[in-house]
Amino acid sequence: MIAKISSGKDTAGLIRYLFDTKKAKDHTDPHLVASWDGFAPDPGRTDDFVAAKKLLVADLDLHVKQAKRLGRVPEKHVWHCSVRAAETDRHLSDEEWADIARRVVVATGIAPDGDADGCRWVAVRHAPDHIHIAATKVRGDLRTARHWNDYLTADRELAAVEKEYGLYRVVRGDRTAAKRPTRAEQEKARRTGQGKTARERLRTTVRTAVAAASSMEEFVHLLGHIDGVLVEIVYFPSGDVRGYKVALNDEASGPIWYSGSGLAPDLSFPKIQERLKAIDPQPTGKPGQRRPKPWHQATAATERIPHHLDQNDDRASQAHLAAFGEALDALPLLAPQPLRPQLREAATAFERATRSRIQAEHHHARALRSAVRTMLREPIPTDGALVAMFLDAAILVVIATARWHQLRHHDQQVAAAHQTLLHLQAAYDQVATAPLAALAQRQPPQQAVERQIRRLRQVVPEHAEQITEDPAFAALTAALAEAEAAGHDPERLLQTVADQRTLDDTRHPARVLTWRIQRLTARPAPSARARAAQARSTARVGSAAQRPDAPDHTAAAVPAQQPPQARRR
């Protein structure tokens, strides 16, 4: 159930609308289902409609007129609340709607339970799926009703109603969502043939600029050089920067300016400044030194996010989600043209999952944020392998994000993660087909394939059957064979990629292993001396572990998992 609350000045006008059946064609059989005392005149159930309507308005306005003589009437003395059920809900009876109306006026403070001086109100039903509550805000003692935060209190009561009545449970937020476009903004977008409002388009533009910038100066510079976007910096009298505002360059009606916080809570000047401080300097490297590949760095940082979300530091987890959201914002700039529509939709959907009431400590996510900035300064990849590798890791992050938010009862963020998953999966399916097919064509002979199967059964026995049945298995065997030819130890490589993250939450484990192997084998294979040293080190650790007096570091190395209730909020 959803409540919409507004205030007005005209009691008669509201009652006239609620009982109108001529102009409002969707109004059928308007009638009262409840009132402040149960005896209010009902224009929908009398022969003399006009007289009954005038009498009802007079009764509702009685205390308003009395308070007017004392100069105590609020400017907008009419309180209007509509309560609508979901399309999938059963049709409630008049008695059930009456109970819901009483609970709403009690919860909001319009007519507190047991308060004889509560405001006068009526509940009108003129459609099967919703009611309207009309009230005047002057109480019987001529004081103005205390109904602060009425939307939140009504919404909280309606959540309880949904549970008790077995109705559809609406996904509710935590007041960290971006501001919705107004009706006027939506109408203007329709008139001008735009699919999205100016507020929504500017929000996407600013988020992309944040994802690409390494400093506030660069952020402002990028915004100022985007066609059709106006930007203005706002200063304090002291000369310090107070904030910024942006607008679309609309020659017809003139620019309509939006502050950063008016676009989204995390797009205010201080919030952006806080994020951009958590970026490491771009690596320069010495001449002849092998530079790490930013796509591989970003993918590795992304693969670690599900592990971070399993820890007990919620502030760090929130920072990783914010940085991952920036990576999705930047991805349409880096991907092949056919992928960009799906990636833009994914970034727009995940935007809601990047915020909650938990304050982020952004320094925890420096690695991913810095890698994304480096990616943007590199040439765009010519093939889809790097993008597919990143998207494969991103899909696991979104699954983990939905689980993390669900444990904390962040309903809107869970829904946003699920929506993001659909778009990322579609983009991955589109981009991964060609590189996986090309890799599968290089599958080694059957004897080598059987050797890889035996290794899989040794390293990941619980997933071996699922891996061999995966359509990407041929590509995996090719990747392992090429890694072996390059000097890597296939068994050790398999163990490494399997240890990086559990395969329990993926439907295509062969695909995941293939991309991880591709990323790891991009590094030079260890030399024979390095492999020998690593083997000696492993042997020493193993012999020490077998001694009866050897300390057990397992408990210290693996922190205990606390229940969600015990985690820091």
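This report walks through some side-chain contacts and one helix in a predicted model.

Residues are numbered from 1 along each chain as its sequence is written. Because the model is predicted, local features need pLDDT of at least 70 and side-chain atom pairs count only at pLDDT 80 or more, while totals for chains, interfaces and linings use all residues; side-chain values use heavy atoms, with hydrogens and water left out.

**Salt bridges**

Let's start with charged partners. A salt bridge here is a side-chain nitrogen of Lys or Arg within 4 Å of a carboxyl oxygen of Asp or Glu. By this rule the structure has 30 salt bridges, including the three below.

| Pair | Closest N to O distance |
|---|---|
| R45 and D29 | 2.8 Å |
| R90 and E96 | 3.0 Å |
| R511 and D392 | 3.2 Å |

R45 lies in the loop between β2 and α2 (49-60) and D29 in the loop between α1 and β2, so their bridge ties together parts that are 16 residues apart in sequence. Helices (H or I, at least four residues) and strands (E, at least two) are DSSP runs, numbered from the N terminus.

How covered are these residues? Buried means under 20% relative accessible area, exposed over 50%, and partly exposed in between (1.4 Å probe, protein chains only). R45 is partly exposed at 47%, and D29 is partly exposed at 45%. R90 is partly exposed at 42%, whereas E96 is buried at 19%.

**Helices α21 and α15**

R511 belongs to helix α21 and D392 to helix α15, so this pair ties together parts that are 119 residues apart in sequence. R511 is buried, at 9%, and D392 is buried too, at 5%. Helix α21 (residues 509-520) is mostly covered: eleven of its twelve residues are buried.

Helix α15 (residues 385-407) also holds F390, which pairs with W295 of helix α11 (residues 294-309), 95 residues apart. Aromatic rings of Phe, Tyr and Trp (its six-membered ring) pair if their centres lie within 6.5 Å; planes under 30 degrees apart count as stacked, over 60 as edge-to-face and the rest as tilted. The ring centres of W295 and F390 are 6.4 Å apart and their planes meet at 85°, so the pair is edge-to-face. W295 is buried at 4%, and F390 is buried at 1%. A search of the whole structure finds four aromatic pairs.
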